[in-house]
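Student: I have a structure to go through at the bench. Can we take it contact by contact?

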Amino acid sequence: EEDGPEVKALCAAAKDAARTVLGLAIAPADMPLVVPSQDAGPVIDPTFPPEWGPAPHVSIAHTGIRALAMAADPARYAGVGVDLEQIAPRTQAFLATAFSPQERALVQALPEGQARDTCATRIWCAKEAVGKSFGGGLAHALDRFEVQGDALGDTAVIVRDLSQNKDIPVTAMGELAPGLVAAIVLRSHDP
């Protein structure tokens with residue numbers, strides 16, 4: 001499964017994004033990706049040639065047949081994170097585990113159906129993208145990040161890193177295709 005066509009396509013997309021950031025005419029095979037641990041996101045292999053400059057940050061996401069990949073220059077950004085999610089109902093158990101009381105109130109204030117499902121998906125997607133911008137995801141950080149304010153519409157949202165009391169803008173957020181939400185985070189270096 002690790003070498004299946006879906007994984008190969010995701011890796012190729014991430015490598016293409018990194019190649020674009022670097023402005024290099026190299027083949028995707030020239031830039032191997034590795035996943036350092038089960039809880040970490042992909043990174044450019046440590047054997048990345050130093051003459052090419054610092055290895056870009058990369059993030060990949062997929063759902064069904066769609067994939068999203070992004071790379072960012074580490075001199076300009078502290079991290080990059082993307083997530084892609086199908087809009088779907090979320091169970092009460094999921095909301096209780098993954099969302100803060102404030103986020104649950106936001107979702108539960110909406111009538112059951114599309115608006116509620118979209119709001120819950122946007123919250124999850126934004127938090128996951130922020131988690132990925134730190135090199136992982138939400139596996140061990142469900143209570144670290146909290147969406148601030150309204151999570152509806154096609155506008156970007158702010159996610160608060162509660163461990164550092166810092167707001168992180170979700171750079172882009174919206175439906176890429178009907179029923180499919182994407183979030184992109186380009187996390188700035190601390191001043």
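The turns below deal with side-chain contacts, burial and backbone angles in this predicted model.

Student: How many aromatic pairs are there?
Tutor: The model is predicted, and ring pairs are taken from ring centres within 6.5 Å of each other. By that rule the count is three.

Student: What is the geometry of the pair F94 and W124?
Tutor: The ring centres are 5.1 Å apart. The planes stand at 65 degrees. Planes over 60 degrees apart meet the cut-off, so F94 and W124 are edge-to-face.

Student: Which helices does that pair of F94 and W124 tie together, and how far apart in sequence are the parts?
Tutor: F94 belongs to helix α2, residues 92-98. W124 belongs to helix α4, residues 114-133. The pair therefore ties α2 to α4, parts separated in sequence by 30 residues.

Student: Is W124 buried or exposed?
Tutor: Its partner F94 has a relative accessible area of 24%, which makes F94 partly exposed. W124 has 14%. Buried means under 20%, so W124 counts as buried.

Student: Which residues form the aromatic cluster?
Tutor: F94 and W124 are two of its members. F99 belongs to the cluster as well. The cluster is F94, F99 and W124.

Student: Which residue has its charged end over the ring of F94?
Tutor: The charged end lies 5.6 Å from the ring centre. The cut-off is within 6 Å. The residue is R90.

Student: How far is the charged end of R187 from the centre of the ring of F134?
Tutor: The charged end of R187 sits over that ring. The distance to the centre is 3.8 Å.

Student: How many residues of α4 are buried?
Tutor: The helix has 20 residues, and at 1.5 Å a residue they should span 28 Å. The end C-alpha atoms are 28 Å apart, which agrees. The helix is largely enclosed by the rest of the structure, because the buried residues number 18 of the 20.

Student: Which residue follows α4 with a positive phi?
Tutor: The phi is near 95 degrees. The residue is G135.

Student: How many disulfides are there?
Tutor: C119 is buried, at 0% relative accessibility. C125 is buried too, at 0%. A disulfide needs sulfur atoms within 2.5 Å. The count is zero.

Student: Which residue forms a salt bridge with D83?
Tutor: The model has five salt bridges. In the one made by D83, the closest N and O atoms are 3.7 Å apart. The partner is K132.

Student: Which elements does the pair of D83 and K132 tie together?
Tutor: D83 is in strand β5, residues 77-86, and K132 is in a helix, 49 residues apart in sequence. D83 is buried at 4%, and K132 is buried at 17%. The elements tied together are therefore β5 and α4.

Student: Which residue meets K127 in a salt bridge?
Tutor: The N to O distance is 2.9 Å. Both side-chain partners belong to buried residues. The residue that meets K127 is E103.

Student: Is D161 buried or exposed?
Tutor: D161 forms a salt bridge with R144, with the closest N and O atoms 2.9 Å apart. R144 is partly exposed at 23%. D161 has 0% relative accessibility, so D161 is buried.

Student: Which residue has a positive phi although it is not a glycine?
Tutor: The phi is about 50 degrees. The place is the loop between β7 (158-161) and β8 (166-169). The residue is exposed, at 58%. The name is N165.

Methods. Residues numbered from 1 in each chain as written. Predicted model: local features only at pLDDT ≥ 70, side-chain atom pairs only at ≥ 80, totals over all residues. Heavy atoms only, no water. Phe/Tyr/Trp six-rings, centres within 6.5 Å; stacked < 30°, edge-to-face > 60°. Helix = DSSP H or I, 4+ residues; strand = E, 2+ residues; numbered from the N terminus. Buried < 20%, exposed > 50% of the residue type's maximum accessible area, 1.4 Å probe, protein only. Lys NZ or Arg CZ within 6 Å of the ring centre and 35° of its normal. Expected span 1.5 Å × (residues − 1). Salt bridge = Lys/Arg side-chain N within 4 Å of Asp/Glu carboxyl O.
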